[in-house]
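Visitor: Got a minute to walk me through this one?
Guide: Sure, here it comes.

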Amino acid sequence: MKNLACKLLLAAVVTLLCLGQSHASSLVLAAVAAPRATLEITRPGATQPEVPIAAPVVVWGRNSYGAASVPAGLSGVVAIAAGYEHTVALTQEGSVVAWGRNYEGQTSVPAGLSGVVAIAAGWYHTVALKQDGSVVAWGQNNSGQTSVPAGLSGVVAIAAGGAHSVALKQDGSVVAWGSNYSGQIRVPVSSLSGVVAISAGSAHTVALKQDGSVVAWGSNYFGQTSVPAGLSGVVAIAAGGSHSLALKQDGNVVEWGDVWYGPASVPAGLSGVVSVAASDSRLTAVKHDGSAVVWGTYAYTQTTEFAGLCGVETIAVGDGHTVALVGQRPLDFGAVNAGQTTERSFS
């Protein structure tokens, strides 16, 4: 019965387009259906083609500049990213769609851009990784965050921070550019090798090494780059405003730093996590059963739980909005955990 109810709910959600006015006081829930993907994408350095799964896009939260207003007709989405007040989607054809704030050009996708396999969104800029290992960036460039280093190639992963950008190369080395006010692009070359994942926060950068250890650099005002002693067995990382997250092989999450002047604290009992994400003020975890947990603090955001959303595949968080790709798994969104808050509105 629960499975049937969830499937019916999902069917309703993916045909729903309930969009508010594009101003800060809007309450928005938007969903767009997407067919399953058939395109095979081989990332640079990959030995086997990857088949990304297209899924419906669901966005809720503050609709500043239309960041939570999913474009009508959007389909075939395989990846999402959320900036400060803009949202980015990657389709199965390798094209990019962006919406929301565009004062700095962050949603003005370069004409003819194609063959994209990964996307990242910073505060006011956007970065795309192409299938050939090259990188394209657009939007605000006051600190050089969209000035991709000449000759950069062989890239397999990207990240976008507050005003800096990061690229992971096929050989496990890291390249960063943009703002260096807190040393966030000062890659510790002498001690950094064998990197398999990267993440960029407001003014710090985090790297995951092949051996499951974590290295972080940049601003440490709130302890966000003070990796806990003995941390090991890490399989995924996320960097937020002034905090960092590590997902361990056993499905547990470790957090350090600060969430907008409040101590970083993983919800009690959180386990079975398969992916993590972070923004300036909030943190998210997707569990193996397709449920999601959001926690943190934001003085201007209500914390009403968004209930009933099924089968979360992946999730991204912006300044005041949340974006999720949801699949067909018959699951509820958000098991109730101590301290958990799931945003759906703003007032």
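**Sheets, strands and rings**

Guide: Strands 7, 8 and 9 make an open sheet in the order 7-8-9, with antiparallel pairing. Strands here are DSSP runs of E with at least two residues, helices are runs of H or I with at least four residues, and both are numbered from the N terminus. Two strands pair if DSSP finds at least two bridges between them.

Visitor: Which strands stand at the edges there?
Guide: Strand 7 (116-121) and strand 9 (135-139), each with a single partner strand, so one side of each has no neighbour in the sheet. From one strand to the next the twist averages 20°. That angle is taken between N-to-C directions, on a scale from 0 to 180 degrees, using axes that are lines fitted to C-alpha atoms (for helices, over the stretch in contact).

Visitor: And how many bridges between strand 7 and strand 8?
Guide: Strand 7 pairs with strand 8 (residues 125-130) over 5 bridges, in the antiparallel sense. Ile119 stands opposite Ala128 in strand 8.

Visitor: Before we go on, what kind of model is this?
Guide: This is a predicted model: local features need pLDDT of at least 70 and side-chain atom pairs count only at pLDDT 80 or more, while totals for chains, interfaces and linings use all residues. Residues are numbered from 1 along each chain as its sequence is written, and side-chain values use heavy atoms, with hydrogens and water left out.

Visitor: OK, the overall tally. How many helices and strands?
Guide: The protein has 1 helix and 23 strands. Of its 347 residues, 58% are buried, where buried means under 20% relative accessible area, exposed means over 50%, and partly exposed is in between (1.4 Å probe, protein chains only).

Visitor: What share of the contacts is between residues 24 or more positions apart?
Guide: Among contacts with a separation of 6 or more, such residues account for 50%; a contact means heavy atoms within 4.5 Å.

Visitor: What about the accessible surface, how much is there?
Guide: About 13,500 Å², and 53% of that belongs to carbon and sulfur atoms. The areas come from the Shrake-Rupley method with a 1.4 Å probe, and for residues only the protein chains shown count as cover.

Visitor: Back to strands. Is strand 23 mostly covered or mostly uncovered?
Guide: Mostly covered: 6 of the 6 residues in strand 23 (residues 321-326) are buried. His321, Val323 and Leu325 point one way, Thr322, Ala324 and Val326 the other way, and all are buried.

Visitor: Which strands pair with strand 23?
Guide: Strand 3 (residues 57-61) is joined to strand 23 by 5 bridges, running antiparallel, and Val58 has Ala324 as its bridge partner. Strand 22 (residues 312-317) also pairs with strand 23 in the antiparallel sense, over 5 bridges. There, Val317 is partnered by Thr322, and the two strands form a hairpin with 3 residues between them.

Visitor: What about strand 4, how enclosed is that?
Guide: Strand 4 (residues 77-82) has 5 of its 6 residues buried, so it is largely enclosed by the rest of the structure. A hairpin through 3 residues joins strand 4 to strand 5. Strand 4 and strand 5 (residues 86-91) pair over 5 antiparallel bridges, with Ala82 partnered by Thr87.

Visitor: Switching to side chains: how many aromatic pairs?
Guide: The count is 4 aromatic pairs. Rings of Phe, Tyr and Trp (its six-membered ring) pair if their centres lie within 6.5 Å; planes under 30 degrees apart are stacked, over 60 edge-to-face, and the rest tilted. Tyr221 and Phe222 form an edge-to-face pair, 4.9 Å centre to centre with 80° between the planes.

Visitor: Are those two buried or exposed?
Guide: Tyr221 counts as exposed at 71% relative accessibility, while Phe222 is partly exposed at 28%.

Visitor: Which residues form an aromatic cluster?
Guide: Tyr84, Trp123 and Tyr124 form one.

Visitor: Where does Tyr65 lie?
Guide: Tyr65 is in the loop between strand 3 and strand 4, and counts as partly exposed at 35% relative accessibility. Its phi is near 60°, a positive value in a residue other than glycine. The charged end of Arg101 sits over the ring of Tyr65, 5.2 Å from its centre; the rule asks for NZ of Lys or CZ of Arg within 6 Å of the ring centre and within 35 degrees of the ring normal.
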